[in-house]
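Colleague: Could you take one part of this structure and examine it closely? I should like to see how it is placed among its neighbours and how it relates to the open spaces around it.

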Amino acid sequence: MTNPWSWYSDGDVWALEQERIFTRTWQYVGHVGSVARPGDFFTARAGRIPVVVTRADDGETRAFVNVCRHRGCVVAEGKGNRTTLQCPYHAWTYALDGRLRAAPRADFELDAVALAPVRLERWGPFLFVNADADAEPLAATLGTVPEEVAELGIDVDALQFHHRAEWAVEANWKVVAENFLECYHCAVAHPGFTALVDVSPDGYRLEIGSRHSTQLGPARDGGRRSQFHFVWPNTGINMFPGEPNLSIGPFASPSAQRTDRFLDYFFGADVEESWIAELLELDDAVGREDTALVERVQTGVASGALADGRLLGDAERLVAHFQRLVRDALDGES
């Protein structure tokens, strides 16, 4: 059976997830190209924790809780290039290494105050943060994902950032993640995708790691196969058949019944724009089809009419794995 459907709309469960999942796990926030020069910064979120990623004059890339140590105001917004970060509330000003450099009428030593650090690690150009200082390294969460991507012939360090797409879905983050974790619905809902990828039970492979899972779909034309990875708790990674391509982004949870999504798209240096445009058109169509589906699911599970549902043992193995990780986290287990 599925996890209780009340977990997909209950505000208390959402708050518990913020505490026991999103404050303790690695989450994708952006790429190194966004902080390529000294002075570059961008903002993101790890669950409900505001985060700012900076590159200081010493060349180090760092991440901090994006909250002023004075009265709790969010310090930075958006992205850009600055020599300092200044809180808009009382003008407390921080260096890009997090140290407090100015505070009007301060009656204390400035060196005693700094932005709270957040752990920052990378896989290739992909930046992940974790608010838990005691968490295992990012590599433990990624598991075999980097090796599987490399086996596909994709050098992530050679990929070039193309653009970021952003949108919102009126559904719980777990509904959206579970939709990503199965292609049982693909033959019904995604005609364009299934024309490109073999989604038959004999062709479409599912693999499960400790904190990641993988879907492998052969290309119908015999070319480079597709890979779709999910990294606990909320990072999706997509590679379609054809030219070198990768998109990556989180299933962010600003409230119990809404998911904020973004995907950063990367392509090989020699991939033609016409091919990219065709892939993006297909991906956009799949995204719109999925959005309609998961919003209908949210209406159903939030109605309170039924307590839970039933999973298929094989086709939905990755969904079952994800739901077990959610249960373990909410039970307080590692």
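Modeller: Two strands are said to pair if DSSP finds at least two bridges between them. Strands (E, at least two residues) and helices (H or I, at least four) are themselves DSSP runs, numbered from the N terminus. The model is predicted, with local features requiring pLDDT of at least 70 and side-chain atom pairs pLDDT 80 or more, while totals for chains, interfaces and linings use all residues. Residues are numbered from 1 along each chain as its sequence is written, and side-chain values use heavy atoms, with hydrogens and water left out.

The part I have chosen is strand β16. This strand, residues 245-255, is largely enclosed by the rest of the structure because eight of its 11 residues are buried, that is, under 20% relative accessible area, where exposed is over 50% and partly exposed lies in between (1.4 Å probe, protein chains only).

Strand β16 has an antiparallel partner in β15 (residues 235-239), to which it is joined by four bridges. Within this pairing, Ser 247 of β16 faces Asn 238. Five residues separate the two strands of the hairpin, and Gly 242 has a positive phi there, near 110°. The approach to β15 has its own feature: the peptide bond from Trp 232 to Pro 233 is cis, with omega near 5°. Pro 233 belongs to the loop between β14 (226-231) and β15.

Strand β16 is also antiparallel to β17 (residues 258-267), with seven bridges between them. Here Ala 252 is set opposite Asp 260 of β17. Two residues lie between the strands of this second hairpin.

Strand β17 also contains Thr 259, a residue that leads back to β16. Thr 259 has a relative accessible area of 0% and is therefore buried. Leaving aside residues up to four places away in sequence, Thr 259 touches (heavy atoms within 4.5 Å) Phe 251, Ala 252 and Pro 254, as well as Trp 167, Ala 168, Val 169, Ala 171, Asn 172, Trp 173 and Val 176. A polar atom of the Thr 259 side chain lies 3.1 Å from the backbone nitrogen of Trp 173. This distance falls within the limit for a polar contact, a pair of N or O atoms within 3.5 Å; within protein, one must be able to donate a hydrogen and the other to accept it, and residues adjacent in sequence count only if both atoms are side-chain atoms.

I turn now to the open spaces. A pocket is an open set of points on a 1 Å grid over the protein atoms alone, where a 1.4 Å probe fits, with protein on both sides within 12 Å along at least five of seven lines; lining residues have an atom within 4 Å of a point. Points are joined across faces, edges and corners, and the volume is the space filled by probe spheres set on them.

The largest pocket holds about 690 Å³ of space. It is lined by 29 residues, of which Thr 43, Ala 44, Arg 164, Glu 166 and Phe 262 are the closest to its centre. Strands β16 and β17 each supply at least two lining residues, as do β1 (27-31), β2 (40-46), β5 (79-81) and β11 (160-169). The greatest share comes from β2, with six residues. By character, the lining comprises 12 nonpolar, nine polar and eight charged residues, where Ala, Val, Leu, Ile, Met, Phe, Trp, Tyr, Cys and Pro count as nonpolar, Asp, Glu, Lys and Arg as charged, and the others, Gly among them, as polar.

The second largest pocket holds about 600 Å³. Of its 33 lining residues, Arg 261, Asp 283, Val 286, Gly 287 and Asp 290 are the closest to the centre. Both partners of β16 take part here: β15 and β17 appear with β11, α4 (173-180) and α7 (273-301) as the elements giving two or more residues to this lining. Helix α7 gives the most, with nine residues. This second lining divides into 18 nonpolar, nine polar and six charged residues.

In summary, β16 is a largely enclosed strand, antiparallel to β15 on the one hand and to β17 on the other, and it supplies at least two residues to the lining of the largest pocket.
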